[in-house]
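Me: I'd love a close look at one part of this protein. Could you take me through a single helix and its salt bridges, and then what lies beside it?

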Amino acid sequence: MTTVFLIDPRPLFREGLRAVLSASGRFAILGEASDLSSALCRIEEEPPDVATMALETVDDTTAIQEAHRRFPTVFLAVFTELCSDEEAVEVIEAGAAAYLP
């Protein structure tokens, strides 16, 4: 079973993603947080296989770099409403394993 940690400022989004992933029977949700700084302490205790993260601005790529530096084995999937090719490249270069607009 793949372990997942959800990072998103929107409680309703986290709740929906938790429901979908849990219903599949293939994912175990280790925890959730509204921001990366809150998540990092909890992830340190028990690193997941995957962390999902909301990206609200391209400036948030520094948070992705920090997460990737501290937890290089965690597959970081970034959800965002940003859609340009340049922004996608920045996110991947910062360390995200997946970019989901």
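Reply: Happy to; here is a walk through helix α3, its charged pairs and the cavity beside it. This is a predicted model, in which local features need pLDDT of at least 70 and side-chain atom pairs count only at pLDDT 80 or more, while totals for chains, interfaces and linings use all residues. Residues are numbered from 1 along each chain as its sequence is written, and side-chain values use heavy atoms, with hydrogens and water left out.

Helix α3 covers residues 61-70; helices here are DSSP runs of H or I with at least four residues, and strands are runs of E with at least two, numbered from the N terminus.

Let's start with the charges. A salt bridge here is a side-chain nitrogen of Lys or Arg within 4 Å of a carboxyl oxygen of Asp or Glu, and the whole structure has 6 of them. In one, R69 meets E66 at 3.0 Å, N to O. These two are 3 residues apart in α3, so about one helical turn separates them. R70 also pairs with E66, at 3.7 Å, N to O; here the spacing in α3 is 4 residues, again about one helical turn. Salt bridges with shared partners join E44, E66, R69 and R70 into one network.

How open are these side chains? By relative accessible area, buried means under 20%, exposed over 50%, and partly exposed in between, using a 1.4 Å probe and protein chains only. R69 counts as exposed at 58%, whereas R70 is partly exposed at 29% and E66 is partly exposed at 27%.

Now for the cavity. On a 1 Å grid over the protein atoms alone, a cavity is a set of points where a 1.4 Å probe fits but cannot get out, and lining residues have an atom within 4 Å of a point. Grid points are joined across faces, edges and corners, and a volume is the space filled by probe spheres set on the points. The count comes to 1 cavity of 30 Å³ or more, and the largest has a volume of about 70 Å³. Its lining consists of L40, I43, A51, A67, H68, F71, V74 and L76. The elements giving two or more residues to this lining are α2 (36-45) and α3. The lining holds 7 nonpolar residues, 1 polar and no charged, where Ala, Val, Leu, Ile, Met, Phe, Trp, Tyr, Cys and Pro count as nonpolar, Asp, Glu, Lys and Arg as charged, and the others, Gly among them, as polar.

Technical notes. Contact means heavy atoms within 4.5 Å. On a 1 Å grid over the protein atoms alone, a cavity is a set of points where a 1.4 Å probe fits but cannot get out, and a pocket is an open set with protein on both sides within 12 Å along at least five of seven lines; lining residues have an atom within 4 Å of a point.
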